[in-house]
Amino acid sequence: MKKKVLFISSTGGHLTEMMRLEKMFSDYDFRIITEKTPSSVFLKKKYGDQLSYLVYGTKDHILTYPFKLLVNCFKSFYYYFCFRPQYIITTGAHTAGPICCIGKLFGSKIIYIESFANIHTKTITGRLIYHFADLFIVQWKSMLKLYPRSIYGGWIY
């Protein structure tokens, strides 16, 4: 029986990084969650029911972000309990936070890969998830100073 693995990230560069792990997908009973945007809808053709969407919204959308975050929290509960993953692998950002918290509460192992874009600073999501991730991977050796319990995994690119 294959392990159940949930791959989750926000859209854009985070999703691009996560999709670099695509060769691993077939080794697992997997699901993918990302935000629904024009740049991510093409994935539905390829992954069908193995792909789910959350509402797109960044902290830059100050008026609608709290509402969208709340909606995404409820959707995250729904997706989590429909699939019940043993592992959650994420490249961040805000979209991944709620489901990682839910997963940790219910026994999933959390694997976080800090963004390639950050060489000298922590991401907001990385700061939060670092404290409870079972495995925290950085893509730059310089980030080991900021996250002492992390491991250097090299670039996913």
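Arginine 31 has a relative accessibility of 26% in this predicted model, and since buried means under 20% and exposed over 50%, that value makes arginine 31 partly exposed. Its side chain meets that of aspartate 29 in a salt bridge, with a separation of 3.0 Å from N to O. Aspartate 29 is likewise partly exposed, its relative accessible area being 27%.

The strand to turn to next is β2, which spans residues 29-35. Five of the seven residues of β2 are buried, and the strand is therefore largely enclosed by the rest of the structure. One neighbour of β2 is strand β1, made of residues 4-9, and the two run parallel, joined by five bridges. Within this pairing, lysine 4 has aspartate 29 of β2 as its bridge partner, and aspartate 29 is also the residue whose side chain meets arginine 31 in the salt bridge described above. Strand β2 pairs as well with β3, residues 51-54, again in the parallel sense and over four bridges; here isoleucine 32 has leucine 51 in β3 as its bridge partner. Helix α3, residues 42-47, joins β2 and β3 in a β-α-β unit that is right-handed.

Helix α3 also takes part in a salt bridge, for the side chain of lysine 46 meets that of glutamate 22 at 2.6 Å, taken from N to O. Glutamate 22 belongs to helix α2 (residues 22-25) and lysine 46 to helix α3, so this pair ties together parts of the structure that are 24 residues apart in sequence. As for how open the two partners are, glutamate 22 counts as partly exposed at 27% relative accessibility, whereas lysine 46, with a relative accessible area of 55%, is exposed, because the cut-off for exposed is over 50%.

Stepping back to the sheet as a whole, one finds seven strands in an open arrangement, with parallel pairing and the order β3-β2-β1-β4-β5-β6-β7. The edges are formed by β3 and β7 (151-152), each of which pairs on one side only. Further along the order, strand β5 (residues 109-113) and β6 pair in the parallel sense over three bridges, and isoleucine 111 has leucine 135 in β6 as its bridge partner. Helix α4, residues 65-83, packs on this sheet and touches β1, β2, β3 and β4 (87-92), its direction making about 160 degrees with that of β3. Helix α5 lies across β1, β2, β4 and β5, and runs at about 155 degrees to β4.

How many salt bridges does the structure hold? There are three, and the one still to be described is formed by the side chains of aspartate 134 and lysine 104, which meet at 3.0 Å from N to O. This pair links distant parts of the chain, 30 residues apart, as aspartate 134 sits in the loop between α6 (124-129) and β6 (135-138), while lysine 104 lies in helix α5 (residues 96-105). Aspartate 134 counts as partly exposed at 37% relative accessibility, and lysine 104 counts as partly exposed at 33%.

Technical notes. Residues numbered from 1 in each chain as written. Predicted model: local features only at pLDDT ≥ 70, side-chain atom pairs only at ≥ 80, totals over all residues. Heavy atoms only, no water. Buried < 20%, exposed > 50% of the residue type's maximum accessible area, 1.4 Å probe, protein only. Pairing = 2+ DSSP bridges. Right-handed = clockwise from strand over helix to strand, strands pointing away. Salt bridge = Lys/Arg side-chain N within 4 Å of Asp/Glu carboxyl O. Contact = heavy atoms within 4.5 Å. Axes fitted to C-alpha atoms, helices over the stretch in contact; angles between N-to-C directions.
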